[in-house]
Amino acid sequence: MRSIPNRSLRTLLAVSAVILAGCANPFMENYVGSRQESDGTPVRVQAEIESVRLGVSRFTKKIEAGQLPGDKEAMAAAEEVGAKAYWWRYAPTFSSANESARMGAGNGRVGSTPAFGPALGEKAVKWYEFEAVFYANLPVKKP
């Protein structure tokens with residue numbers, strides 16, 4: 001017979017593992033490239049630069065309850081791979097589910113609005129494309 005504290009501890013560990021799995025950094029999950037030793041806080045650049053790339057991360061993510069990965073996750077990924085600079089962006093995109101919701105809402109005419117407002121299907125499904133580039137060097141200022 002197992003003791004109650006032992007079962008409670010196992011349950012707590014299982015729930016913690018599930019919660020932590022949901023908090024994984026998508027920039028790291030989709031990272032392709034090499035790594036180097038980290039020596040400080042990476043610098044975010046506003047546009048892609050001409051520099052040696054460590055790697056890239058590209059992914060499409062369905063957003064639920066307004067949760068978008070942001071600069072905090074991109075910077076954490078840059079620190080983890082040892083990048084000295086990083087750039088990232090995201091843009092809304094449509095999936096096939098979103099397209100069919102839009103077509104159904106407009107009786108097959110993409111882009112039209114139904115008489116009683118937008119369809120719930122289109123409002124419920126949102127997808128975003130993310131791209132990040134991690135650089136081995138700091139940006140060089142041109143003279």
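Me: What makes F130 count as buried?

Reply: F130 has 2% relative accessibility, and buried means under 20% relative accessible area, with exposed over 50% and partly exposed in between (1.4 Å probe, protein chains only), so F130 counts as buried. This is a predicted model, in which local features need pLDDT of at least 70, side-chain atom pairs count only at pLDDT 80 or more, and totals for chains, interfaces and linings use all residues. Residues are numbered from 1 along each chain as its sequence is written, and side-chain values use heavy atoms, with hydrogens and water left out.

Me: Why is Y90 called partly exposed?

Reply: The relative accessible area of Y90 is 39%, a value in between the two limits just stated, so Y90 is partly exposed. For the protein as a whole, 29% of the 143 residues count as buried.

Me: How do you know which elements the protein has, and how many helices and strands are there?

Reply: Helices (H or I, at least four residues) and strands (E, at least two) are DSSP runs, numbered from the N terminus, and by that rule the protein has five helices and five strands. From the N terminus on, these elements follow the order α-α-β-β-β-α-β-α-α-β.

Me: What makes β3 and β5 a pair, and in which sense do they run?

Reply: Two strands pair if DSSP finds at least two bridges between them; β3 (residues 53-62) and β5 are joined by nine bridges in the antiparallel sense, so they satisfy the rule. Within this pairing, F59 stands opposite F130 in β5, and R53 stands opposite Y135 in β5.

Me: How many bridges join β2 to β4, and in which sense do these strands pair?

Reply: Strand β2 (residues 43-44) and strand β4 (residues 85-93) pair in the parallel sense over two bridges, and the bridge partner of V43 in β4 is A85. By contrast, β4 and strand β5 (residues 127-135) run antiparallel and are joined by nine bridges, with Y86 standing opposite F134 in β5. Three bridges join β1 to β3, again antiparallel, and there Y31 stands opposite S57 in β3.

Me: In what order do the strands lie in the sheet, and what is the pairing called?

Reply: Five strands form an open sheet in the order β1-β3-β5-β4-β2, and the pairing is mixed. Because β1 and β2 each have a single partner strand, they stand at the edges, and one side of each is left without a neighbour in the sheet.

Me: How many aromatic pairs are there, and why is the pair of Y31 and F134 called edge-to-face?

Reply: Rings of Phe, Tyr and Trp (its six-membered ring) pair if their centres lie within 6.5 Å, and planes under 30 degrees apart count as stacked, over 60 as edge-to-face and the rest as tilted; by this rule the count comes to eight aromatic pairs. The ring centres of Y31 and F134 are 5.6 Å apart and their planes stand at 65 degrees, so the pair is edge-to-face. Y31 lies in strand β1 (residues 31-33) and F134 in strand β5, so the pair ties together parts that are 103 residues apart in sequence. Y31 counts as buried at 13% relative accessibility, and F134 counts as buried at 0%.

Me: What are the distance and the angle in the aromatic pair that Y90 and F130 form?

Reply: The centres of Y90 and F130 are 5.5 Å apart with 20 degrees between the planes, and the pair is stacked. This pair links distant parts of the chain, with Y90 in strand β4 and F130 in strand β5, 40 residues apart. Ring pairs also link F27, F59, W88, Y90, Y128 and F130 into a cluster.

Me: What makes N25 count as buried, and which residues is it in contact with?

Reply: N25, found in the loop between α1 (4-22) and α2 (26-29), has a relative accessible area of 17% and is therefore buried. Contact means heavy atoms within 4.5 Å, and N25, leaving aside its neighbours within four places in sequence, is in contact with E73, A76 and A77.

Me: Where is T93 found, and is T93 buried or exposed?

Reply: T93 is found in strand β4, and its relative accessible area is 19%, so T93 is buried. The C-alpha atoms of T93 and Y128 are separated by 5.3 Å, although these residues are 35 apart along the chain.
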